[in-house]
Amino acid sequence: MTAYDFPTAAACDRAGVDMILVGDSLAMVALGHEDTSQITMNDMIHHSKAVSRGTSSAFHVADLPFGSYHTDEATAVSNAIRMVKEGRAEAVKLEAGRRGATKIDAIVNGAGIPVVGHIGLTPQTAVALGGFRVQGKTFSNAQALVDDALALQDAGCFSMVLEAMPSLVAESITRLLNIPTIGIGAGPSTSGQVLVLSDMVGLFDRFTPKFCRGFADLGSRMVSAVAEYKHAVRSHEFPAEGVHTYEMPAATEEKWRTFVQKQFGLELGQHVDKNKETAAVASQLLPSKANVAPESG
Ligand SMILES: Nc1nc(=O)c2c([nH]1)NC[C@@H]1CN(c3ccc(C(=O)N[C@@H](CCC(=O)O)C(=O)O)cc3)CN21
Ligand SMILES: CC(C)C(=O)C(=O)O
Ligand SMILES: [Mg+2]
């Protein structure tokens, strides 16, 4: 499961998932970006730290973001170390095939940090793929994915994500590898599955990948809850006196009532609509919209 902060991590952990991924998809589902390319190491570390506070038994993996491992091996290693040291992740995930093998080797065997690979639809390079497109639909592209998978295993990955590819390709890769595969849009034959949490609980509505199944509709329940709250506030049902409120001790209360009555002339206890009061005062002080001449020019 992906998780992005303390409560989502705690929910996944309590539900008993094996692994929690702090996915860079948080750029889109938690921060509202159009894609995952702008998210930084600092952003990812911030979220990963929060996830670590909510996780007690699941294995905690964090995505290395676009640009953090694409230049040279030393940069890739130092960013992997930051994600473990500052982000409190137990492993990092990189979107890399054959060409990322030397960096993965350096992170795994140089720094001793476990790495999850990620092939198929790699959102960080979606522009080069021509958008968020299913991969491995042609014979040669399927072969290329098998080559990538074997290279990642050789480089030292302990697992890899297979994203958006025909089930047959994912099954072939899973059968060929010794390490477990984690599928998303890759059919039922991978060793494990991952989904973006926001998608499966209905908290992201910009698009829904075909591979996603909705397991809850929390987005619309959240809107209803807030609308109900707004209604309760406007109708003075909430907060309810004696239920959601604090009281002075009875003796102090009596003294206080008398005091504000004498000092300020206020009769407490009857409800005054402060908004209406303010609006009434404002309408005397300010010219109403209807009386203002429309702006020219
Ligand atoms: N909310 C969310 N869910 C995800 O699964 C996800 C993200 N965000 N952001 C990062 C990547 C991007 N992903 C995506 C995004 C779009 C499609 C999508 O629309 N796919 C089309 C098929 C596209 C094609 O091949 O033509 C679909 O109908 O599923 C799939 C995966 C997966 N990841
Ligand atoms: C969908 C998973 C595999 C991911 O990389 C992410 O959430 O960023
Ligand atoms: Mg990702």
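**Ligand shells and helix packing**

Around ligand 1 sit 17 residues, and the closest of them are F132, V134, V196, P209 and K210. This is a predicted model, so everything below is a reading of predicted coordinates. Two short helices help to build the shell around ligand 1: α2 (26-29) and α9 (197-200) each put in at least two residues. By class, the shell around ligand 1 comes out as eleven nonpolar, three polar and three charged residues.

Ligand 2 has its own set of neighbours. T2, L21, G23, D24, S25, D63, H118, V161, E163, I184, V194 and V196 surround ligand 2. Sorted by class, that shell holds five nonpolar, four polar and three charged residues. V196 turns up here around ligand 2, and V196 is also one of the closest residues to ligand 1.

Next come the helix pairs. Two packed helices are described by the angle between their axes and by the distance between those axes. Take α3 (residues 41-54) and α4 to begin with: their axes cross at roughly 25° and come within 9 Å. With that angle, α3 counts as roughly parallel to α4. The crossing of α3 past α4 is right-handed. On the α3 side the contact uses M41, M44, I45 and S48, which meet N79, R82 and M83 of α4. Those contact residues split into four nonpolar, two polar and one charged.

Helix α5 (residues 101-110) pairs up with α7, at an angle of about 25° and with the axes 8 Å apart. That angle is under 35 degrees, so α5 is roughly parallel to α7. As α5 passes α7, the crossing is right-handed. A101, I104 and D105 of α5 make the contact with A151, L152 and A155 of α7. The residues of this contact are five nonpolar, no polar and one charged.

What do the buried residues of α5 pack against? The residues in question are K103, I104, A106, I107 and V108, and they pack against α4 (73-85), β3 (91-93), β4 (115-120) and α7. I104 is thus one of the buried residues of α5 and also takes part in the contact with α7.

The end of α5 has some details of its own. G110 lies in this helix and counts as partly exposed, because 16 C-beta neighbours fall inside 10 Å. G110 and V77 are 33 residues apart along the chain, with their C-alpha atoms separated by 8.0 Å. Just after α5, G112 takes a positive phi of about 75°.

Helix α7 (residues 139-155) also packs with α8 (residues 167-176), this time at an angle of about 30° and with the axes 10 Å apart. Here too the angle makes α7 roughly parallel to α8. The crossing of α7 past α8 is right-handed. A142, L145, V146, A149 and L150 of α7 meet V169, S172, I173 and L176 of α8. By class, the contact of α7 with α8 has eight nonpolar residues, one polar and no charged.

Some backbone details in the loops deserve a look as well. In the loop between α4 and β3, R88 has a positive phi, near 65°, without being a glycine. Is R88 buried, exposed or partly exposed? With 18 C-beta neighbours inside 10 Å, R88 counts as partly exposed. A164 sits in the loop between β5 (159-163) and α8, and here phi is near 50°, again a positive value in a residue other than glycine. Unlike R88, which is partly exposed, A164 is buried, with 23 other C-beta atoms within 10 Å. Further along, a cis peptide bond joins F238 and P239, with omega about 0°. P239 belongs to the loop between α10 (218-234) and α11 (250-264).

Finally, there is G192 in strand β7 (residues 192-193). G192 has 14 other C-beta atoms within 10 Å and is therefore partly exposed. Leaving aside residues up to four places away in sequence, G192 touches P180 and I182. G192 and H118 are 74 residues apart in sequence, and their C-alpha atoms are 13 Å apart in space. H118 is also among the residues that surround ligand 2.

Note on methods: Residues numbered from 1 in each chain as written. Chains lettered and ligands numbered in written order. Predicted model: local features only at pLDDT ≥ 70, side-chain atom pairs only at ≥ 80, totals over all residues. Axes fitted to C-alpha atoms, helices over the stretch in contact; angles between N-to-C directions. Helix = DSSP H or I, 4+ residues; strand = E, 2+ residues; numbered from the N terminus. Parallel < 35°, antiparallel > 145°, perpendicular 65-115°, else oblique. Left-handed = near helix turned anticlockwise from the far one by under 90°. Contact = placed C-beta atoms within 7 Å. Nonpolar A, V, L, I, M, F, W, Y, C, P; charged D, E, K, R; others polar. Near = placed C-beta within 6 Å. Buried ≥ 20, exposed ≤ 12 C-beta atoms within 10 Å, placed from the backbone.
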